[in-house]
Amino acid sequence: MSRIRDQKKNVILNAACEEFANNGYAGTKIVDIANKIHLPKANIYYYFESKQVLYRHVLDSFIQPLLMATAPFDQYDHPAEALTDYIKLKIEISKNHPNASKVFANEILHGAPHFPADIVEKLTQQTSRATEKLQQWIDRGLMDDINPLHLLFSLWASTQTYADFNWQIKLHLKTERISDQNYSDATDTLIKVILKGCGVAAQVAK
């Protein structure tokens, strides 16, 4: 029973992701989500008590992997390994959660009116920890003396663009779908550009 319940919740969540991504919070109605997956509106409310609760789950579906993406900053003691894995994880998030990424981006573009305080706190703490680790590597001479925050801003923009602006990406790639090879090419390109631009050796000395 629990498995069936989880499956139904995931179906609702995926439909909600698409609706919120396309129409924003204000423009999305529960009835539209229900019609999209051929369910009575009451079924949506059975699993998610309100539109606000459903929206929070949509945000969480993106924020949880986003919070996990900086794990390489804690796992590695060298920026080459950490930045390489971080870029891989961020591209993977854009690939696997394109609609949720758009919901997250739209929320920020509107001043984050529906961001709960706990989400803001977690994201702030994550950025602070990553910034501190980057500064430590800079101080040790493992990276060029750059602004860690602006590096993170650039990484966010360059990785999330494959989800948030995928129409533009597909237009210039002349494709209807961003392929696995496209994502791999993007990952390899960003790793080379970022490591070289930060003065980080691609290979860690043994």
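This passage describes the helices of a predicted model and how they pack.

The chain is built from eleven helices and zero strands. Read along the sequence, its pattern is α-α-α-α-α-α-α-α-α-α-α. The C-alpha atoms fill a box of roughly 60 × 40 × 35 Å along the principal axes. Of the 206 residues in the chain, 40% are buried. Contacts with a sequence separation of 6 or more were also examined. Residues 24 or more positions apart account for 69% of these contacts.

Helix H6 spans residues 79–96 and has 18 residues. From its first C-alpha to its last, H6 reaches 25 Å. This is close to the 26 Å expected at 1.5 Å a residue. The buried residues of H6 are Pro79, Ala80, Ala82, Leu83, Thr84, Tyr86, Ile87, Lys90, Ile91, Ile93 and Ser94. An α-helix has 3.6 residues a turn, so residues three or four places apart point the same way. Several helices help to cover the buried residues of H6. They include H4 (51–68), H5 (71–75) and H7 (98–109). H8 (117–139), H9 (148–164) and H11 (180–197) also take part in this cover.

Two packed helices are described by the angle between their axes and the distance between the axes. H6 and H11 pack at an angle of about 150°, with their axes 10 Å apart. An angle over 145 degrees counts as roughly antiparallel, so H6 is roughly antiparallel to H11. The crossing of H6 and H11 is right-handed. On the H6 side, the contact is made by Pro79, Ala80, Leu83, Thr84, Ile87, Lys88, Ile91, Ser94 and Lys95. H11 contributes Asp180, Tyr183, Ala186, Thr187, Leu190, Ile191, Ile194 and Leu195. By class, the contact of H6 with H11 has eleven nonpolar, three polar and three charged residues.

H11 also packs with H9. The angle between H9 and H11 is about 165°, and their axes are 11 Å apart. H9 and H11 are therefore roughly antiparallel to each other. Their crossing is right-handed. H9 makes the contact through Leu151, Leu155, Ser158, Thr159 and Tyr162. The H11 residues in this contact are Tyr183, Ala186, Leu190 and Ile194. The contact of H9 with H11 holds seven nonpolar and two polar residues, and no charged ones. Tyr183, Ala186, Leu190 and Ile194 of H11 appear in the contact with H6 and in the contact with H9.

H9 has a further partner in H8. The axes of H8 and H9 come within 9 Å and cross at roughly 120°. That makes H8 oblique to H9. H8 passes H9 in a right-handed crossing. From H8, the contact involves Thr127, Ala130, Thr131, Leu134, Gln135 and Ile138. From H9, the residues are Pro148, Leu149, Leu151, Leu152 and Trp156. Eight residues of the contact of H8 with H9 are nonpolar, three are polar and none is charged. Leu151 of H9 takes part in the contact with H8 and in the contact with H11.

His97 lies in the loop between H6 and H7. His97 is partly exposed, with a relative accessible area of 27%. Leaving aside neighbours within four places in sequence, His97 is in contact with Ser61, Phe62 and Pro65. His97 and Cys17 are 80 residues apart in sequence. Their C-alpha atoms are 9.1 Å apart in space.

H7 has twelve residues. From first C-alpha to last, H7 reaches 16 Å, close to the 16 Å expected at 1.5 Å a residue. Its buried residues are Ala100, Ser101, Lys102, Val103, Phe104, Ala105 and Glu107. These buried residues pack against H1 (2–27), H4, H8, H9 and H10 (166–173).

Backbone angles were examined next. Most residues other than glycine have a negative phi. Gly111 follows H7 and has a positive phi, near 85°. Ala112 is not a glycine, but its phi is also positive, at about 55°. Ala112 sits in the loop between H7 and H8. Ala112 is partly exposed, with a relative accessible area of 25%. His38 has a positive phi too, near 55°. His38 is found in the loop between H2 (30–36) and H3 (41–47). With a relative accessible area of 71%, His38 is exposed.

Note on methods:
Residues are numbered from 1 along each chain as its sequence is written. This is a predicted model: local features need pLDDT of at least 70, side-chain atom pairs count only at pLDDT 80 or more; totals for chains, interfaces and linings use all residues. Side-chain values use heavy atoms; hydrogens and water are left out. Helices (H or I, at least four residues) and strands (E, at least two) are DSSP runs, numbered from the N terminus. The expected span of a helix is 1.5 Å times one less than its number of residues. Buried means under 20% relative accessible area, exposed over 50%, partly exposed in between (1.4 Å probe, protein chains only). Contact means heavy atoms within 4.5 Å. Axes are lines fitted to C-alpha atoms, for helices over the stretch in contact, and angles run from 0 to 180 degrees between N-to-C directions. Angles under 35 degrees count as roughly parallel, over 145 as roughly antiparallel, 65 to 115 as roughly perpendicular and the rest as oblique. A crossing is left-handed if the near helix is turned anticlockwise from the far one by less than a right angle, and right-handed if clockwise. Ala, Val, Leu, Ile, Met, Phe, Trp, Tyr, Cys and Pro count as nonpolar, Asp, Glu, Lys and Arg as charged, and the others, Gly among them, as polar.
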